[in-house]
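Biologist: Please take a close look at the helix packing in this model. I would like the pairs one by one, and then the cysteines.

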Amino acid sequence: MSLTNASPEQAARSAKISSRTLATLPVSARNAALDAVHDALADARESILEANAKDMELAKQSSASGELSPSIMKRLDLSRTGKFDDMLQGIKDVRALEDPVGRVDLRTELDDGLTLQRQTCPIGVLLIIFEARPEVIANIASLAIKSANAAILKGGKESTESFKAISTVISQALDKSDVPNDSIQLVTTRDAIDPLLELSQHIDLVIPRGSNDLVRNCQRKAHMPVLGHADGLCSLYIHSDADEDMAVNVAVDSKTDYPAACNAIETLLVNEQVLESVLPAVATALIEKGVCLRCDAAAKESLSKRLPQDKFAHHVQDVTEEDFNTEFLDLTIAVRTIKSAEGVDAAIEHINTHGSHHTDVILTSSKEIADRFCNAVDSACKFWNCSTRFCDGMRFGFGTEVGISTNKLEEDLARALTQMKVTLQGTPELEATPDAVYQLVNQILAESLLPLLVENIFRLPFEARKDTQTIISNVFRFRNPGSTSPEPDALKEVLRRQPEIIVRLCNGYERRESASPCGGILKEAIKWDAVAAVILYDEPTTDGSTIDIYSSDIDITRPSSGQGVFWSFFDWIDKSSFEVSADAFDTFRLLLTKHKQLVSQYISTNFELFFDRYNNVLIKSESYVTKRQSIKLLGEVLLDRQFYEVMTRYVDSGENLKLIMWQLKDDRRMVQYEAFHVFKIFAANPNKSYEVQKFLIMNKQRLLKFLPRFLEERTEDEQFNDEKAWLVKAIGNLPDSTAALKPPETANDGGAAMAGGNNVQASSTQAQVRS
């Protein structure tokens, strides 16, 4: 780590160069550097605290003159009990994390021998701008080294001596490691922020950590992405059934343990039923800690009757509406009464309107009320019966952090999921026992855990999402000992009791995080007819239920509304990000080709709707991959004997022929190639419709000029060249004029006969699905 007086341009350039070396270091080298930094800071504790004391002395003078807020002065103090040790422990916790670099979260085959793989990699160079907290240097340096990112740090002038002392120690430690010293830099020159914000050619991401003014300034002036966050406006809601002792303890800890912290509460919401009981005890405890309560009329009236007059006069004030939008960062709190008739919903509305989406708490003995609160409050952390101060990387045991919130609340769940996975499939060292698997599967089904996992899989960390995929897939394939059922017993039970799980798995394509694990589960489960039928025949219902394929008579001749989950695949394929689109198409293709008789009947019944979507959404897609794969899949379907009726209806359409001929002229060779294989089906049909014959005859001469030169570079593809030669001959044998064609009435009669044949096939398929 270098303490640099270089210009912003020089600092950013050297950080960029160092980032390339840092990105290639193995995790062992990065961990060794973290060990060196930790040990060096621990050894230099006294000198760092001496430097911090100098900053504190100047800060006290600035605070006394009104130039520095008391909250910033509190954040500056590194001698506060446990603060230095927390800084050191944070480095050790970061070192213990798995390597975040090089994780593969997508691998898909684009073409024969062409595989696309996506894996995590460093961002590059981070610019972190912060204010008074000196420990931030160690926090950010450790996170940057672990993630193989270079970092430029610009701190506030209040911590100058502390910054210099810490950065000097870190710099000396890095000199003994493989991490380039310039990969972590502390900029000391004044007025450096604005020039740094313009250096997008060297800096990849800005993280401002401080006041709203600082964040807004960075967002306004930065030429690169800004990860902005500032306020920690947290609330505590005391419900009507809250325990008095718990309310006192939680309120006091949440407000007074560290008032200047972003996870301290700034608002107290009190149900009117406890104004006379719980609130006075809470207020008394807060006042004893020196807290000033700014109350609305109802809360103030209640406290005026129960508090000693001297305490009431000195510590209770009238609240303003602006107080509910204020992060006091001091021993001041706003108090609002929640009417009993509105209850928890009013508290939720207040928090979502005035809060900063950081951490909010409810105190209640009702799990139902707590669940309603936690599900409806739009915050990073929602707590039930505990202090907001638990929202901290150190208290969670996850190490240091850069921002005001964390996404690691799912860690306990992730560990539980890993244990479930081990029980279900074992490990190389430990076999899964049949009895343990049987008990766990039955418990998972009995507790309705599967729909909960599917619904929330996108919230889980990456590894936990993979574990969840493994768990659900193992449950779906589980068979009871001695079972003779053609379908796995657990899957059959799921489809009987909770078929909506299949629909929810499909809806996993709504989010990038859940697309791959949900798609993986679907692609394995979809090999069973019953799963395919649930997807195909799903229709929206007023109660949100899904069709029960075992007890319901499915009318396969009834046209679909086009609103079921099957029809959403078209949008997921066309409008999603590449990885979601590719995965959704794989599932879509498997569905169409695995259950040919079932799908053929379904497409025949919904022919116009299906091909309206297929032609206009997929074949006309602006995505090269989607367009090409869709045309290729169409050719496979039309050439399959099970789809004979679908094929004859499709190639009867002149509009379909026009669409495919336009693809022959696409400027991408593989699109042309796949379109050729569909076009030849039109040409080979011995019973061409009137409109198809007419269109081919009208374009005969153009086709005879176009086809010989079509993909002529494929000289080694003998089959293609033979088919092209045959196609040229077939087009050449067409009449030169449309005068010789049969009148349209004849073609219509043939179409009516074909539709009549459809009824016979439909009844046959219907019997099979019901069986």
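Modeller: Here are three helix pairs, followed by the cysteines.

This is a predicted model, in which local features need pLDDT of at least 70 and side-chain atom pairs count only at pLDDT 80 or more, while totals for chains, interfaces and linings use all residues. Residues are numbered from 1 along each chain as its sequence is written, and side-chain values use heavy atoms, with hydrogens and water left out.

Two packed helices are described by the angle between their axes and the distance between the axes. Axes are lines fitted to C-alpha atoms, for helices over the stretch in contact, with angles from 0 to 180 degrees between N-to-C directions. Helices are DSSP runs (H or I, at least four residues), numbered from the N terminus.

Start with H5 (residues 83-96) and H6 (residues 136-146). Their axes lie 9 Å apart, at an angle of about 10°. H5 is therefore roughly parallel to H6 (angles under 35 degrees). From H5, the contact (heavy atoms within 4.5 Å) involves Met87, Ile91, Val94 and Arg95. Their partners in H6 are Ala138, Asn139, Ser142, Leu143 and Lys146. By class, this contact has five nonpolar, two polar and two charged residues. Nonpolar covers Ala, Val, Leu, Ile, Met, Phe, Trp, Tyr, Cys and Pro; charged covers Asp, Glu, Lys and Arg; the others, Gly among them, are polar.

Next come H19 (residues 449-456) and H22 (residues 500-507). Their axes come within 9 Å and cross at roughly 15°. So H19 is roughly parallel to H22. The crossing is left-handed (the near helix is turned anticlockwise from the far one by less than a right angle; clockwise is right-handed). Leu450, Pro451, Val454 and Glu455 of H19 meet Ile501, Arg504 and Leu505 of H22. Five of these residues are nonpolar, none is polar and two are charged.

The third pair is H24 (residues 529-537) with H27 (residues 596-605). Here the axes come within 10 Å and cross at roughly 15°. H24 is thus roughly parallel to H27. This crossing is right-handed. H24 brings Asp529, Ala532, Ala533, Leu536 and Tyr537 to the contact, and H27 brings Leu598, Val599 and Tyr602. The contact has seven nonpolar residues, no polar ones and one charged.

Now the cysteines. The whole structure has zero disulfides (cysteine sulfur pairs within 2.5 Å). For Cys262, the nearest cysteine sulfur is that of Cys234, 7.1 Å away. Cys262 counts as buried, at 19% relative accessibility (buried is under 20%, exposed over 50%, partly exposed in between, with a 1.4 Å probe and protein chains only). Cys381 also counts as buried, at 1%.

Notes:
Helix = DSSP H or I, 4+ residues; strand = E, 2+ residues; numbered from the N terminus. Parallel < 35°, antiparallel > 145°, perpendicular 65-115°, else oblique.
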